[in-house]
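Student: Please walk me through one part of this model in detail, and then through the contacts around and beyond that part. I like to have cut-offs stated along the way.

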Amino acid sequence: MRCFVPIALLVLTLAPRGAWAAEAQAVLESRCYDCHGPEARKGGLRLSTVADILLGGDSGEPAVAAGDPAASLLLERVTTPDPAVRMPPKGAPLTDDEIAALRAWIADPAHWQEAGAGTATDSDHWAFQAPVFPAVPEVTQVHWPRNAIDRFVLAQMEAEGLTPSPEADRRTLIRRLSLDLIGLPPTPEEIEAFVHDESPEAYEQLVERLLASPHYGERQAVRWLDAARYADTNGYEKDRTRSIWPYRDWVIDAYKRD
């Protein structure tokens, strides 16, 4: 599978510029993040990044009109006298100083321009940079590498004064490959077939067969499901079953379909 994330990482934060922006972010953190923070998106709105602020919530309207406080929905909702729609919905309304900090922050066009106005492509984070192929290093043992990756590995080994281990025999190769790709050892019949396969593409064909195995998705999904703390039962004192197995099957199927 190519990527679950994904899915690119959003790294554009409020990036305070000056005292007013710092005060505005403090207001958002203390008065708004319970419902619209990094871990909450009530009404589809999150106020923890520039991109989310300009994206807005379920209404489809940006929370802030950059440089124009009067046209900003955020300011409208915290200043309205109507308690039914005023934000925050609980607790005291924002103070005059808090509203002034938000207004000055919204009105500062330099802040929004420097913050990237919510465009991910302006970020210097690695996730938004186009990949560049590095130059393949020179090696002393020119006949050992079979591809460019081998040359990178060998170059590092030579720099460390190391030499490659001898190539494993075919019985070892098929066992290593099977355990790595599908998590199961090869059968005796599969071992003998590979050992006696004289085709120059025998190894490549073995790889393709294992990648096509239904067990490949199961094996690869284990790491993802472990990271997500997936379990078929809830794990407490009664250890009752859970009904989230469709997520497990979705992850497995995603790996099978690459």
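Tutor: Happy to! With four residues, α8 gives the most to the lining of the largest pocket. Helices here are DSSP runs of H or I with at least four residues, numbered from the N terminus. Both α8 (170–181) and α10 (202–211) supply at least two residues of that lining. Before going further, note that this is a predicted model, in which local features need pLDDT of at least 70 and side-chain atom pairs count only at pLDDT 80 or more, while totals for chains, interfaces and linings use all residues. Residues are numbered from 1 along each chain as its sequence is written, and side-chain values use heavy atoms, with hydrogens and water left out.

The largest pocket holds about 750 Å³ of space. A pocket is an open set of points on a 1 Å grid where a 1.4 Å probe fits, with protein on both sides within 12 Å along at least five of seven lines; lining residues have an atom within 4 Å of a point. The lining counts 18 residues, and those closest to the pocket's centre are Arg 146, Asp 150, Glu 167, Leu 173 and Tyr 203.

Two of these central residues are also partners. Arg 146 and Glu 167 form a salt bridge, and their closest N and O atoms are 2.6 Å apart. Arg 146 sits in the loop between α6 (109–114) and α7, and Glu 167 in the loop between α7 and α8, so this pair ties together parts that are 21 residues apart in sequence. A salt bridge here is a side-chain nitrogen of Lys or Arg within 4 Å of a carboxyl oxygen of Asp or Glu. Both Arg 146 and Glu 167 are exposed, where exposed means over 50% relative accessible area, buried under 20%, and partly exposed in between (1.4 Å probe, protein chains only).

A search of the whole structure gives ten salt bridges. Another of them brings us back to α10: Arg 209 pairs with Glu 190, with 3.4 Å between the closest N and O atoms. Arg 209 belongs to helix α10 and Glu 190 to helix α9 (residues 188–195), so distant parts of the chain, 19 residues apart, are linked. Arg 209 is partly exposed at 38% relative accessible area, and Glu 190 is partly exposed too, at 29%.

Earlier in the chain, Arg 41 forms a salt bridge with Asp 52, the closest N and O atoms lying 3.7 Å apart. Arg 41 is in the loop between α2 (33–36) and α3 (50–55), while Asp 52 is in helix α3, so the bridge ties together parts eleven residues apart in sequence. Asp 52 is buried, with a relative accessible area of 6%, whereas Arg 41 counts as partly exposed at 36% relative accessibility. Arg 46 joins Arg 41 and Asp 52 in a network of salt bridges.

One last kind of link can be ruled out: the structure holds zero disulfides, a disulfide being a pair of cysteine sulfur atoms within 2.5 Å. For Cys 32, the nearest cysteine sulfur is that of Cys 35, 8.8 Å away. Cys 32 counts as buried, at 9% relative accessibility, while Cys 35 counts as partly exposed, at 24%.

How values were computed:
Points joined across faces, edges and corners; volume = space filled by probe spheres on them.
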